[in-house]
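User: I'd like to learn how to read a few features of a protein model. Could you walk me through them?

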Amino acid sequence: MKKFEKLTSTMVPLPIENIDTDQIIPARFLKATTREGFGENLFCDWRYDGNGQPKADFVLNNPLYKGDILVAGKNFGCGSSREHAAWAIQDHGFKVVISSFFADIFKGNALNNGLLPIQVSDTFLQKIFAAIARDPETKLLVDLQEQVVELQSTLENEAFEINPYKKSCLLNGYDDIDFILNQKEAIETFEKKTA
């Protein structure tokens with residue numbers, strides 16, 4: 001995985017609540033077992049019409065909105081436990097998803113794949129949406145080390161929680177296996193002491 005420390009980016013707003021994993025990546029696209037190629041089908045049924053043409057009214061098709069941060073409504077990633085949902089978001093180019101609530105399984109899948117899900121309060125989420133509505137070029141700072149997000153236009157910020165182990169993995173660019181391999185010296189020392 002790539003290391004994640006800080007990110008300052010514009011945002012893509014998706015103020016819809018209860019977005020489930022089948023809306024994120026429909027089940028008909030789950031045949032592949034590698035992570036590549038899912039981004040083109042992210043939110044496919046909302047993004048394209050029956051002929052495969054982009055729908056002009058969907059945010060991912062609107063050139064006003066771009067960036068590495070997806071800002072979504074409450075209860076993001078509910079539904080089935082497909083890891084492909086995190087893959088699709090990441091393959092599309094997002095590094096962070098912000099919501100006021102995430103389904104636990106989606107949150108775990110995101111963290112395991114290097115996608116940072118940040119849960120903020122409902123109030124701060126609405127401030128982010130309002131800032132984007134005023135200016136689509138507004139930027140958000142995400143500081144993982146300090147565990148804070150800050151609207152660059154107003155300097156309003158809010159702290160967020162993250163599992164300390166997952167934080168360490170993201171900061172170092174480790175998946176679970178990389179983390180264990182990085183502990184090789186400590187493991188060998190322990191084995192010598194207990195042998």
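Analyst: Happy to: we will go through a helix pair, a pocket, a cavity and two backbone angles. Please keep in mind that this is a predicted model.

User: How are two packed helices described, and at what angle do α3 and α4 pack?

Analyst: In general, two packed helices are described by the angle between their axes and by the distance between those axes. Here, helix α3 (residues 84-92) packs against helix α4 (residues 104-112) at about 50°, and their axes are 8 Å apart. That makes α3 oblique to α4. The crossing in which α3 passes α4 is right-handed.

User: Which residues of α3 and α4 meet?

Analyst: From α3 come A85, A86 and I89, and they meet F106, N109 and A110 of α4. By class, this contact of α3 with α4 has 5 nonpolar residues, 1 polar and no charged.

User: Now the pockets. What volume does the largest pocket have, and which residues are closest to its centre?

Analyst: The volume of the largest pocket is about 420 Å³. It is lined by 18 residues, and those closest to its centre are K2, Q90, K95, N113 and G114. To see what builds the lining, look at the elements: β1 (6-14) and α3 each supply at least two residues. The helix α3 gives the most, with 3 residues. As for chemical class, the lining of the largest pocket has 8 charged, 6 nonpolar and 4 polar residues.

User: And how many cavities of 30 Å³ or more does the structure hold?

Analyst: There is 1 cavity of 30 Å³ or more, and the largest cavity has a volume of about 30 Å³. Its lining is made up of M1, L111, N112, K166, C169, Y174, D175 and D176. The elements that give two or more residues to this lining are α4 and α6 (164-172). By class, the lining of the largest cavity has 4 nonpolar, 3 charged and 1 polar residues.

User: Last topic: the backbone. What sign does phi have in most residues other than glycine? And where do N75 and Q147 lie?

Analyst: Most residues other than glycine have a negative phi. In this model, N75 has a positive phi of about 70°, although it is not a glycine. You will find N75 in the loop between β2 (69-72) and α3. Q147 is also a residue other than glycine with a positive phi, near 55°. Look for Q147 in the loop between β5 (139-143) and β6 (148-151).

Conventions
Residues are numbered from 1 along each chain as its sequence is written. This is a predicted model: local features need pLDDT of at least 70, side-chain atom pairs count only at pLDDT 80 or more; totals for chains, interfaces and linings use all residues. Side-chain values use heavy atoms; hydrogens and water are left out. Axes are lines fitted to C-alpha atoms, for helices over the stretch in contact, and angles run from 0 to 180 degrees between N-to-C directions. Helices (H or I, at least four residues) and strands (E, at least two) are DSSP runs, numbered from the N terminus. Angles under 35 degrees count as roughly parallel, over 145 as roughly antiparallel, 65 to 115 as roughly perpendicular and the rest as oblique. A crossing is left-handed if the near helix is turned anticlockwise from the far one by less than a right angle, and right-handed if clockwise. Contact means heavy atoms within 4.5 Å. Ala, Val, Leu, Ile, Met, Phe, Trp, Tyr, Cys and Pro count as nonpolar, Asp, Glu, Lys and Arg as charged, and the others, Gly among them, as polar. On a 1 Å grid over the protein atoms alone, a cavity is a set of points where a 1.4 Å probe fits but cannot get out, and a pocket is an open set with protein on both sides within 12 Å along at least five of seven lines; lining residues have an atom within 4 Å of a point. Grid points are joined across faces, edges and corners, and a volume is the space filled by probe spheres set on the points.
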